[in-house]
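Here are my notes on the model you sent over. I've kept them as numbered points so you can check each one in your viewer.

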Amino acid sequence: MADIAKLVEELSQLTVLEAADLAKALEEAWGVSAAAAVAVAGPAAAGGEAAAAEEQTEFDVILTGDGGKKIQVIKEVRAITGLGLAEAKALVEGAPKPVKEGASKAEAEELKAKIEAAGGTVELK
């Protein structure tokens with residue numbers, strides 16, 4: 001059990017991007033797919049950056065401002081993320097902040113439209 005505890009401790013020190021790369025590497029090595037994917041940073045293989053540059057398939061939806069309509073934007077962020085009121089308020093007030101990471105192009109565009117309709121400003125990366 002000591003080995004497992006040590007492994008958990010080491011894995012807890014990974015950044016989100018490192019954890020996503022680890023998950024992808026394990027999926028490829030074991031031929032399985034994670035049910036609840038962590039934000040995926042992109043291809044982990046060398047040369048994957050060239051493929052990602054050709055056509056991006058995953059996007060981060062970044063809230064860049066509330067457009068003076070903070071309450072409406074907080075409500076929309078809560079609906080999208082499932083965060084509580086305090087967490088959604090902190091996200092909106094701390095903009096620029098990611099609302100959703102690793103979203104498909106269609107989902108990212110949909111979320112962008114929803115937040116902009118509420119009055120916020122969004123950037124897709």
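1. Let's start with an easy one: where is the place of Leu85? Leu85 sits in helix α5. Bear in mind that this is a predicted model. If we skip the neighbours within four places in sequence, Leu85 touches Ile74 and Arg78. Ile74 is eleven residues away from Leu85 along the chain, and their C-alpha atoms are 7.7 Å apart.

2. Those contacts belong to a helix pair. Helix α4 covers residues 70-81 and helix α5 covers residues 85-93. They pack at an angle of about 120 degrees, and their axes are 9 Å apart. The angle is therefore in the oblique range, as 65 to 115 degrees would be needed for roughly perpendicular and over 145 for roughly antiparallel. As for handedness, α4 and α5 make a right-handed crossing.

3. Who makes the contact between these two helices? On the α4 side you'll find Lys70, Val73, Ile74, Val77 and Arg78. From α5 come Leu85, Ala88, Lys89, Leu91, Val92 and Glu93. Sorted by class, the contact of α4 with α5 has seven nonpolar and four charged residues, with no polar ones.

4. Two of the α5 residues also pair up with each other. Lys89 makes a salt bridge with Glu93, with the closest N and O atoms 3.0 Å apart. Both residues are in helix α5, four residues apart, which is about one turn of the helix. If you're tallying, the structure holds five salt bridges.

5. Next, have a look at α4 against helix α6 (residues 105-118). Here the packing angle is about 155 degrees and the axes are 8 Å apart. Why call α4 and α6 roughly antiparallel? Because the label applies to angles over 145 degrees, α4 and α6 qualify. The crossing of α4 and α6 is right-handed.

6. The α4 residues in that contact are Gln72, Val73, Glu76 and Ile80, while α6 brings Leu111, Lys114, Ile115 and Ala118. By class, the contact of α4 with α6 has five nonpolar, one polar and two charged residues. Note that Val73 is listed in the contact with α5 and again in the contact with α6.

7. Now the sheet. Which order do its three strands follow? They form an open sheet ordered β2-β1-β3, with antiparallel pairing. β2 and β3 are the edge strands with a single partner each, so one side of each has no neighbour in the sheet. On average, and ignoring direction, neighbouring strands are turned by 25 degrees against each other.

8. For the strand register, β1 (residues 58-65) and β2 (residues 97-104) run antiparallel and are joined by five bridges. Within that pair, Leu63 is bridged to Lys97 of β2, and Glu58 has Ser104 of β2 as its bridge partner. As for the helix on this sheet, α6 packs there and touches β1, β2 and β3, its direction making about 145 degrees with that of β2.

9. Over on the other pairing, β1 and β3 (residues 121-124) are antiparallel as well, with four bridges. Val61 faces Leu124 of β3 there. To recap for your own check, α6 has contacts with α4 and also packs on the sheet.

Note on methods: Residues numbered from 1 in each chain as written. Predicted model: local features only at pLDDT ≥ 70, side-chain atom pairs only at ≥ 80, totals over all residues. Heavy atoms only, no water. Axes fitted to C-alpha atoms, helices over the stretch in contact; angles between N-to-C directions. Parallel < 35°, antiparallel > 145°, perpendicular 65-115°, else oblique. Left-handed = near helix turned anticlockwise from the far one by under 90°. Contact = heavy atoms within 4.5 Å. Nonpolar A, V, L, I, M, F, W, Y, C, P; charged D, E, K, R; others polar. Pairing = 2+ DSSP bridges. Salt bridge = Lys/Arg side-chain N within 4 Å of Asp/Glu carboxyl O.
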